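Dear colleague,

Please find below the structure that I am handing over to you, together with its sequence. My notes on it follow directly after.

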Amino acid sequence: MTADAPRARHLYVHLPFCSSRCGYCAFVVEVGALDRRDAYLRALLRELELERDRLGPLESVFLGGGTPTLMRPHRLAHLMERVRPLLAPGAEVTVEANPETVDRAAFDALLEMGVTRMSLGVQSFQPHVLEALDRQATADQARDAVGCARRAGFRDIGIDLLFGVPGQTPGDLARDLAEALEAAPDHLSWYELELKPGSALARRGTEPVDEDEAADAYRWLVGSLEDAGYRWYETANFARPGHECRHSLGYWNAEDYLGVGVGAVSTIAGDRWRNAPGLHRYLDALGAGDAPPRTGERLDRDDIRRERWMLGLRLERGMSMAWSGPPDHPEAVDRLQRAGLVSRQDDRLMLTREGRFVQNAILHQLMEYA
């Protein structure tokens with residue numbers, strides 16, 4: 001690789017270990033393999049060394065999973081020792097955590113190793129909703145984790161929650177909102193539950209929530225969070241000013257990123273590749289000094305253009321059409337503008353507030369997706 005080769009400024013590290021699999025999970029996770037954590041750390045460090053020339057000064061690092069905090073602080077500290085020399089000044093470093101896996105000592109250790117942002121997987125504060133999702137953490141553990149992170153000194157705390165869960169009533173959602181606002185995180189990600197193929201909920205034949213009910217819940221959540229002072233800066237993400245997730249913004253702005261670890265995805269200069277799933281294959285390859293098994297593709301100009309439209313319209317500020325390129329159906333822009341669903345400021349196109357609630361329908365009027 002040449003010295004002037006394209007470099008990514010965002011790094012994702014996949015830490016796949018979990019003590020159990022949640023009912024909605026279809027991610028690359030490893031349950032019951034905690035005895036492989038040291039071997040996995042060695043493999044990760046080897047992959048980072050192999051890919052080092054692809055990394056420029058890193059503006060963000062995201063340790064996701066899985067349950068990254070099951071790696072325990074001493075392993076995460078070893079990982080961060082290798083990552084730290086690659087960081088740009090003021091870089092954002094996020095670690096995901098399930099509430100039952102962290103305590104004050106863990107938060108103190110994470111701060112000490114240079115983590116700047118915690119993302120806590122709460123999902124709900126209602127016991128029967130947590131049970132329906134096969135979550136291990138209790139509502140009390142979730143409350144305690146947010147408060148403990150704050151007392152430890154974190155100034156950037158996010159929590160993830162779900163709506164559209166079968167059996168979740170409007171009252172449950174209202175109580176979750178009240179609990180979330182009481183916890184006062186800096187960032188909230190509030191996703192609609194997807195019954196993904198391969199997840200336990202899908203295999204059980206769980207029926208999705210009625211689309212109209214989910215749409216009403218989403219609209220109510222957006223308005224309530226905005227009233228509470230959170231900025232609706234992306235489709236499912238809300239932040240106090242200055243606390244937007246920079247790593248996620250890198251994805252939504254279609255910036256290059258490198259992913260390391262089993263199942264991780266990378267996109268650099270139009271090349272996209274995915275490390276294969278399967279812990280043993282990953283460990284064997286890196287143990288032999290080879291790159292992990294992976295598949296790849298070259299994104300052509302239309303791939304990039306269509307992806308930029310899909311990502312850019314998710315953002316409150318919209319996107320520059322000089323950056324995105326033209327839509328497949330440019331005549332639709334004027335029609336959508338007359339309908340009050342999109343607006344234009346010079347070359348920047350954005351969805352109106354009403355348009356953001358029907359984003360997918362708008363996107364399919366503008367673009368062709370296979």
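A salt bridge is taken here as a side-chain nitrogen of Lys or Arg within 4 Å of a carboxyl oxygen of Asp or Glu. The structure is a predicted model, in which local features need pLDDT of at least 70 and side-chain atom pairs count only at pLDDT 80 or more, while totals for chains, interfaces and linings use all residues. Residues are numbered from 1 along each chain as its sequence is written, and side-chain values use heavy atoms, with hydrogens and water left out.

Salt bridges

The structure holds 20 salt bridges. Two of them involve arginine 231, and I describe these pairs first.

Arginine 231 pairs with glutamate 244, with 2.7 Å between the closest N and O atoms. Because arginine 231 lies in strand β9 and glutamate 244 in the loop between β10 and α9 (246-252), this salt bridge ties together parts that are 13 residues apart in sequence. Helices (H or I, at least four residues) and strands (E, at least two) are DSSP runs, numbered from the N terminus.

Arginine 231 also meets glutamate 316 in a salt bridge, at 2.5 Å from N to O. Here distant parts of the chain are linked: glutamate 316 is in the loop between α11 (301-312) and β15 (319-320), 85 residues apart from arginine 231 in strand β9.

How covered are these residues? Buried means under 20% relative accessible area, exposed over 50%, and partly exposed in between (1.4 Å probe, protein chains only). Arginine 231 is partly exposed at 31%, and glutamate 316 is partly exposed at 32%. Glutamate 244, at 15%, counts as buried.

Elsewhere, Glu47, Glu51, Arg54 and Arg294 are linked in a network of salt bridges. Within this network, arginine 54 and glutamate 51 have their closest N and O atoms 2.5 Å apart. Glutamate 51 is buried, with a relative accessible area of 6%, whereas arginine 54 is partly exposed at 23%.

The sheet

Nine strands form an open sheet of mixed pairing, in the order β9-β10-β8-β7-β6-β5-β4-β1-β11. Two strands pair if DSSP finds at least two bridges between them. Strands β9 (231-234) and β11 (258-260) stand at the edges with a single partner strand each, so one side of each has no neighbour in the sheet. Neighbouring strands are turned by 20° against each other on average, direction ignored (axes are lines fitted to C-alpha atoms).

Strand β9 runs antiparallel to β10 (residues 237-239), and three bridges join the two. Arginine 231 has alanine 239 in β10 as its bridge partner.

Outside this order, five bridges join strand β13 (residues 271-275) to the antiparallel strand β14, with tryptophan 273 opposite glycine 296. Strand β14 (residues 294-298) is hardly covered, as zero of its five residues are buried.

Arginine 117

Which side chain of opposite charge is nearest to arginine 117? It is aspartate 156, 4.1 Å away, and arginine 117 is buried without a salt bridge (Lys and Arg count as positive, Asp and Glu as negative; His and the chain ends are not counted). Arginine 117 has its place in strand β6 (residues 117-123). Leaving aside neighbours within four places in sequence, its contacts (heavy atoms within 4.5 Å) include Phe62, Glu92, Thr94, Phe154, His187 and Cys245.

With kind regards

Notes:
Axes fitted to C-alpha atoms, helices over the stretch in contact; angles between N-to-C directions.
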